[in-house]
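Reader: Hi, I have a structure open and would like to talk it through slowly. Could you help me read it?

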Amino acid sequence: MAQEQLTQKAERVGIYPGTFDPITLGHADIIRRGAKLVDRLIIGVTTNPSKNPLFTPDERIAMVEREAAVLGLDNVQVVGFNALLMKFAEKQGANIIIRGLRAVADFEYEYQMAGMNQQLNAGIETVFLMADVSLQPIASKLVKEIALFGGSISKFVSPAVRADVLARIDEVGRMGED
């Protein structure tokens, strides 16, 4: 029995954290690819008031759940959190943090965060995934800005997310000249 326990592999649990305001095709790409690297992927939907969220935490969680379901991955779950990432990861039993990178600027920030997180818990590794080349320019902040000024966001988000964003823009009002 002890030999069986030694040969059993520990479950790899990954956390893919973000605000997902809104979830983009770039996020979906990282979710799809990240899910292949772990036994269980937890998409951690967090709050970040400095990002001027368009959607509430509950709305973002529901949006991410819907988009994750479309991917058809059976090892993905969505969990909201409002805590230090490493504390959330520990609570979830995670041993991997998955982060998506788009550009050099992302790397500098993410590298610093990975170093800080390692200081908090050296047992949790950070893995960086480069966004697909066609998706690298996509950022939630830019998607919101384009939509607020009446531009098309259909190349950056799924049709369902596009509808969510446009409905919210109708509520808050467009900006700029018509």
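Reader: Which residues of H3 are buried?
Author: Before I answer, please keep in mind that this is a predicted model. In H3, the buried residues are Arg60, Ile61, Met63, Val64, Glu67 and Ala68. Seen down the axis of the helix, these buried residues fall within an arc of 165°, so they line one face of H3.

Reader: And what sits on the face turned away from that buried side?
Author: That face of H3 carries the exposed residues Asp58, Ala69 and Val70.

Reader: What do the buried residues of H3 pack against?
Author: They pack against two strands, E2 (40-46) and E3 (76-81), and also against helix H7 (159-172).

Reader: How many residues does H3 have, and what span does it reach?
Author: H3 has 15 residues, and from its first C-alpha to its last it reaches 21 Å, which is close to the 21 Å expected at 1.5 Å a residue. Just after the helix comes Gly72, which takes a positive phi of about 70°.

Reader: Can we look at Met63 in particular: why does it count as buried?
Author: Met63 has a relative accessible area of 3%, and because buried means under 20%, it falls in that class. Leaving out residues up to four places away in sequence, Met63 touches Pro22, Ile23, Phe55, Val161 and Asp164. Its C-alpha is also 9.2 Å from that of Asp21, although the two are 42 residues apart in sequence.

Reader: Is Val172 buried or exposed?
Author: Val172, which has its place in helix H7, counts as exposed because its relative accessibility is 52% and the cut-off for exposed is over 50%. The C-alpha atoms of Val172 and Asn121 are separated by 41 Å, with their positions 51 residues apart along the chain.

Reader: Changing topic, which residues touch the most other members in the largest nonpolar core?
Author: They are Leu41, Ile43, Ile98 and Val165, in a core of 31 residues. The elements giving two or more residues to this core are helix H2 (25-35), E2, H3, E3, strand E4 (96-101), helix H6 (140-148) and H7. The largest share, four residues, comes from H3.

Reader: What is Ile98 in contact with, then?
Author: Setting aside neighbours within four places in sequence, Ile98 is in contact with Ile15, Tyr16, Pro17, Ile30, Gly34, Val38, Leu41, Val127 and Leu129. There is also a second, separate core of 12 residues, which includes Val79, Ala89, Ala94 and Ile124.

How values were computed. Residues are numbered from 1 along each chain as its sequence is written. This is a predicted model: local features need pLDDT of at least 70, side-chain atom pairs count only at pLDDT 80 or more; totals for chains, interfaces and linings use all residues. Side-chain values use heavy atoms; hydrogens and water are left out. Buried means under 20% relative accessible area, exposed over 50%, partly exposed in between (1.4 Å probe, protein chains only). Contact means heavy atoms within 4.5 Å. The expected span of a helix is 1.5 Å times one less than its number of residues. The arc is that of the directions from the helix axis to the C-beta atoms. A nonpolar core is a set of buried Ala, Val, Leu, Ile, Met, Phe, Trp, Tyr and Cys residues joined through side-chain atoms within 4.5 Å.
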